[in-house]
Amino acid sequence: MSQDNPHHIPEPGFSFMFEVTATLDKPQELGMTKYGRRRVIGINGGTFEGPGIKGVVVPGGADWQTLRADGTADLVANYCLRTDEGETIYIENAGIRTAPADVLQRLASGEEVDPSEYYMRTAAKMEINENSVHNYLNTSIIVSSGIRKANSVIIRFYRVL
């Protein structure tokens with residue numbers, strides 16, 4: 001038994017699953033609510049691809065964001081993907097995007113900002129038909145790293161091993 005891991009608890013690793021490029025509507029600003037500044041950003045399409053899986057982003061989802069006083073955005077996105085085989089994957093993705101105020105302002109204005117200047121991470125729950133060859137989505141812990149573009153987001157999803 002090693003002293004730093006006396007119980008042989010498995011160290012988590014990551015396995016790349018797929019990358020999503022989702023195109024976005026302009027934000028709908030709700031203004032200041034009791035929880036912070038609220039906005040909703042519609043998801044209107046896009047594509048995804050990874051080893052053994054690819055398809056499209058189904059229009060109609062959205063990212064419900066709450067902006068904290070420090071500018072950090074709490075992200076909660078719900079949307080669907082449709083594989084090339086016709087299967088639908090439901091995604092519930094929650095996380096944060098944060099950076100210094102000047103970087104967040106540049107992002108908000110639609111400027112291309114190097115992803116190393118901000119932090120955008122999420123944890124996702126995915127659902128698919130239990131008879132699918134992609135049933136592992138129902139039984140996986142999934143995390144992601146993303147970047148914000150002017151009219152889209154790019155998110156890379158990883159299965160925690």
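## Salt bridges

In this predicted model, Arg 106 and Glu 117 form a salt bridge in which the closest N and O atoms are 3.0 Å apart. Arg 106 belongs to helix H1, which covers residues 101-108, while Glu 117 sits in the loop between H1 and S7, so the salt bridge ties together parts that are eleven residues apart in sequence. Both partners are partly exposed, Arg 106 with a relative accessible area of 23% and Glu 117 with one of 33%. Side chains of opposite charge can pair when their charged atoms come close.

The structure holds nine salt bridges, and another of them is formed by Glu 92 and Lys 125, whose closest N and O atoms are 3.6 Å apart. This pair links distant parts of the chain, since Glu 92 is in strand S6 (residues 88-98) and Lys 125 is in strand S7 (residues 119-127), 33 residues apart. Glu 92 is partly exposed, with a relative accessible area of 31%, whereas Lys 125, at 56%, is exposed, because the limit for that class is over 50%.

## A charged network

Glu 29 forms a salt bridge with Arg 37, and here the closest N and O atoms are 3.3 Å apart. The relative accessible area is 45% for Glu 29, which is partly exposed, and 33% for Arg 37, which is also partly exposed. Salt bridges that share partners join these two residues, Glu 29 and Arg 37, with Arg 39 into one network.

## A buried serine in a loop

Ser 132 is located in the loop between S7 and strand S8, the latter spanning 142-148. Its relative accessibility is 7%, and Ser 132 therefore counts as buried, the limit being under 20%. A polar atom of the Ser 132 side chain lies 2.8 Å from the backbone nitrogen of His 134.

## Aromatic pairs

The count of aromatic pairs comes to three. In one pair, the rings of Phe 16 and Tyr 158 have centres 5.9 Å apart and planes at 65 degrees, so the arrangement is edge-to-face. Phe 16 lies in strand S1 (residues 14-24) and Tyr 158 in strand S9 (residues 152-160), so this pair ties together parts that are 142 residues apart in sequence. Phe 16 counts as partly exposed at 27% relative accessibility, and Tyr 158 likewise counts as partly exposed, at 23%.

Ring pairs also link Phe 18, Phe 48 and Phe 157 into a cluster.

## The nonpolar core

The largest nonpolar core has 33 residues, and those that touch the most other members are Phe 18, Tyr 79, Leu 81, Ile 89, Met 126 and Phe 157. At least two residues of this core come from each of S1, strand S3 (36-50), strand S4 (53-67), strand S5 (73-83), S6, H1, S7 and S9. Phe 18 and Phe 157, named here among the core residues, are also members of the cluster of ring pairs.

For Ile 89, when residues up to four places away in sequence are not counted, the residues touched are Phe 48, Ile 53, Tyr 79, Cys 80, Leu 81, Thr 83, Met 126, Glu 127, Ile 128 and Leu 137. Among them, Tyr 79, Leu 81 and Met 126 are named with Ile 89 as residues that touch the most other members of the core.

How values were computed. Residues are numbered from 1 along each chain as its sequence is written. This is a predicted model: local features need pLDDT of at least 70, side-chain atom pairs count only at pLDDT 80 or more; totals for chains, interfaces and linings use all residues. Side-chain values use heavy atoms; hydrogens and water are left out. A salt bridge is a side-chain nitrogen of Lys or Arg within 4 Å of a carboxyl oxygen of Asp or Glu. Buried means under 20% relative accessible area, exposed over 50%, partly exposed in between (1.4 Å probe, protein chains only). Helices (H or I, at least four residues) and strands (E, at least two) are DSSP runs, numbered from the N terminus. A polar contact is a pair of N or O atoms within 3.5 Å; within protein, one must be able to donate a hydrogen and the other to accept it, and residues adjacent in sequence count only if both atoms are side-chain atoms. Rings of Phe, Tyr and Trp (its six-membered ring) pair if their centres lie within 6.5 Å; planes under 30 degrees apart count as stacked, over 60 as edge-to-face and the rest as tilted. A nonpolar core is a set of buried Ala, Val, Leu, Ile, Met, Phe, Trp, Tyr and Cys residues joined through side-chain atoms within 4.5 Å. Contact means heavy atoms within 4.5 Å.
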